[in-house]
Every structure is written in structure tokens, then in C-alpha cells.
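Visitor: I would like to take a close look at one part of this structure, the surroundings of the ligand. Could you guide me through them slowly, and then place them beside some other parts of the chain?

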Amino acid sequence: MYRPTLDRLAWLLLIAIASAAGTSHAEPLLISGPTMGTTYHVKLVGVAAADTAAIRAEIEAVLADVDVRLSTYRRDSEVSRFNRAPAGEWFAVSPATVEVVSTALAISRQTGGALDVTVGPLVRLWHFGPNAITESKTTADIAPPDEAALQAACKLIGYEKLEVRTDPPALRKRVDGLEIDLSAVGEGDAIDRVTAAITKRGIQDYLVELGGEVCAGGSGPNGSPWRVAVERPLVERHEIETAVPLSNAALATSGDYHRYFEHGSHRYSHVIDPSTGRPVSHTLASVTVAADDALTADAWDTALLVLGPKRGYDSAVEHGIAALLISRAGDAFVTQETPAWKNRFPTAASSSPAGRRIRSP
Ligand code: FAD
């Protein structure tokens, strides 16, 4: 079975949380739409409805720019053109793309290559990404790649084989066939750029959500911080694990239950461990990271998910990352909150104390 992401429902949860906190307030302006194979929602407090069209046009111009730079789902993007370019030559890209790739490479170095944007060939080999399996295909049509294909793809992987130059901005690959996939970080980059456009207009109270990742500024409509829900990593339904007050910060979640396929009794998720070339197969089901910007949160969540419950937790503590890790334990879940998470959200009302087993009904 193949499962696409569930942004709409995540957003509904968010709305429920935000509006539950006190009702006597003017409804914020809501601007939303499709983007990057998912959806975006922007809530603005204290903004006149008359400004909707101009703000929407600006948001969608920012998103279109991110898409034409970073998308592997279109052939004309900077990333897709770079992926087709030969090794050894600098390939000119925009400064914004260099920023995203540089941030990803820095986190690759800090996590021993757990986050590795050169996983492109593996993402495709495992039936994810632009030529992803569709709902129409039955399980029979989808099988893990054979060992030879896997070994061939693994030869092309490795963040050390990717170089970045800031001036003039360019990327260079050390091996032919290297391909980058920025799906793990692109949504975060998009949220930061939409947030920058909104704050440049002098808007201080806002909530920007894209693909389930969120950035909140100032206060919600009732004057208190926005409250953002973190889901329990369940496949068939939605349950809130915890809700956190978010102000001038971002929250991103990576989960093995977001996109996957099943073959036989095995589930293969879209999160790939570059050191094995295979989808992650440990018990860590989701990682939520809070950070000052969405790009950082969106990069660390995938890296920690790849590392797994023990190494992920240790790496997050080592680098001072505010993370909530939820692992499967039989038919239950176990949560781990890093010290930085506890410091950032001392009052977060978790529906299950950290480290405690939660029986999933
Ligand atoms: P995360 O958990 O944050 O990242 C997982 C994704 O990153 C995987 O799907 C894989 O692509 C990649 N990845 C896997 N393992 C690793 C690793 N170890 N290191 C680094 N990366 C890894 N989706 C569509 O269906 N249609 C579209 O048209 C489309 N357009 C897009 C355009 C842009 C600019 C971007 C950035 C993404 C687009 N996507 C599209 C993908 C989609 O929006 C999400 O990015 C994708 O679903 C992953 O989101 P996530 O937060 O669940 O993944």
C-alpha cells in the first residue's frame, strides 16, 4: 500500500488547537493553496482583508521561486539541471540554492552523513520522488530494488562528493551521476522565505505552515502564543501527542509513516539511510525538531530520524537540538524529549510523560 502525506488533516488539527485557545477574537486572515505536491496555509493577525490579493501574490511568487530552484519534480529547475550536468565543472545556481545546500552539508558533517542530499538516485530506486509509485499500482508492482542496482546507486552517494561555491554561487559534483534531492529541506527553506516576505511587510503575528512544517511569529489571535500540535506517528488516524506554544520559532517533523510502501510483510519508508542505501528500519517512527528557523528544523528532523532512537537522541543532545523522538515499542510508543526541547517547552502538555510507554489503542 502506498500512502501520500496528510497535510490537510495536520492543518485541521492545527486550526483546532489555535482556535480552541479563547474564542473572543477576530478571525485572522487565512491564505492557502497548493505547492510542491502538498499545501501551504498562512494565518495573519491584524491584517486587512483588502490586502489578501497582494499578499497572496507575493507568497506564491516566493513559493514559485523555491519550486523552480529546488524541485526534482520538474526538469527545468536548477536542481534538475544540475543533476543532469557532468562532474568536474562548476554549475551556476542562485545564492538562495547555495544557502540551502550549504546548510544541508553542514548538518551532514555534524551527523556523519545521516542527512545527505545526494541520496537522489536511491530515492528514485526505492520508488519515491518524482517517479514515485502511485495509488494505482498494487503491491505486486512494487518491490525493493535488486542488490546490484542498489550497489550501483550507493557508489553515487556521498555528501563529500558535492561541492559548493558562494562567489560566484555554484555547485560541483565529483562523480558523474551524482544527483541531489532537497525534499528533506526544501519545505523549511520555503517557509523561511515566506516568513521573511511577511515580516518585511511589518506583519508580526503570523503562522506559516507548509507540508506539516510550521513557523510561528508573535502571538495568535487571542494574544497568546500560537499552539502547534505534534501528532502521534499513527498510520490510520490522527491523535495529538503534544501541543507546544510556538512564538518566533519553527517546528518540523519527519516520520517513516509519511510516505512508504509495503512489500510482503515489510514496510519501506521514504527516509533512506545513506550508510546502508536502504530505508530506515529501526523503531524510531517520528522526530519533531524546534529551531529558530524552519530550514534548520527541517534538516535536523530527517537526520535524527535516520540515526534512530539511540544515536538520534545522543546526536541531538550533543548538538543542543530541541527534539521530541517517538519510537515504536511493540504496540506502544515511547517518547524522548531532549534537554533543549524541555527548556524550550517547559509547559508543553504531553499526553504521555517522556520515556513512558503509550499503548496505542
Ligand atoms: P522529510 O522526512 O523531511 O524528508 C524525506 C525526503 O527527503 C524523502 O522523501 C526523500 O526525498 C529525501 N530523503 C530521504 N532520505 C534522506 C536522507 N537521508 N537525507 C536527505 N534527504 C533524504 N512532492 C510531490 O509529490 N509532488 C511535487 O510536485 C513536489 N514538488 C516539490 C518541490 C520542492 C521544491 C520540494 C522541496 C519538494 C517537492 N515535493 C513534491 C516533495 C514533498 O513536498 C516533500 O518534500 C516530501 O514529501 C517529503 O516531505 P517530508 O517532510 O515528509 O520529508
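Guide: A good place to begin is helix H7, which gives the shell around the ligand its largest share, 4 residues. Please keep in mind throughout that what you see is a predicted model. Helix H7 spans residues 183-200, and together with helix H2 (52-70) and helix H8 (294-307) it belongs to the helices that each supply at least two residues of this shell.

If you now look at the shell as a whole, you will find 28 residues around the ligand, and those that come nearest are Met36, Asp181, Ser254, His270 and Ile272. Sorted by character, the residues of the shell comprise 13 that are nonpolar, 8 that are polar and 7 that are charged.

Three of the residues named above deserve a slower look, atom by atom. In aspartate 181, a polar atom of the side chain lies 2.6 Å from an oxygen atom of the ligand, while for serine 254 the distance from a polar side-chain atom to a ligand oxygen is 2.5 Å. Histidine 270 also takes part, with an N or O atom of its side chain 2.7 Å from an oxygen atom of the ligand. As for the surface of the ligand, it exposes 970 Å² when taken alone, and the protein buries 92% of that.

Let us now turn from the ligand to a sheet in the same model. Here 3 strands form an open sheet in the order E3-E5-E4, with antiparallel pairing. Its edge strands are E3 (91-92) and E4 (162-166), each of which pairs on one side only. In general, the strands of a sheet pair through backbone hydrogen bonds, and they do so in either a parallel or an antiparallel way. Between E3 and strand E5, which covers residues 169-173, the antiparallel pairing extends over 2 bridges, and you can find alanine 92 with alanine 170 in E5 as its bridge partner. Across E4 and E5 lies helix H4, made of residues 95-110, and this helix runs at about 130° to E4.

Finally, follow the chain to alanine 340, which has its place in helix H10, residues 339-344. Leaving aside residues up to four places away in sequence, alanine 340 touches Gly320, Ile321 and Ala322. Alanine 340 and alanine 290 are 50 residues apart along the chain, and in space their C-alpha atoms are separated by 9.1 Å.

How values were computed: Residues are numbered from 1 along each chain as its sequence is written. This is a predicted model: local features need pLDDT of at least 70, side-chain atom pairs count only at pLDDT 80 or more; totals for chains, interfaces and linings use all residues. Side-chain values use heavy atoms; hydrogens and water are left out. Two strands pair if DSSP finds at least two bridges between them. Contact means heavy atoms within 4.5 Å. Axes are lines fitted to C-alpha atoms, for helices over the stretch in contact, and angles run from 0 to 180 degrees between N-to-C directions. A residue is near a molecule or strand if one of its heavy atoms lies within 4 Å of it. A polar contact is a pair of N or O atoms within 3.5 Å; within protein, one must be able to donate a hydrogen and the other to accept it, and residues adjacent in sequence count only if both atoms are side-chain atoms. Accessible areas come from the Shrake-Rupley method with a 1.4 Å probe; for residues, only the protein chains shown count as cover. Ala, Val, Leu, Ile, Met, Phe, Trp, Tyr, Cys and Pro count as nonpolar, Asp, Glu, Lys and Arg as charged, and the others, Gly among them, as polar.
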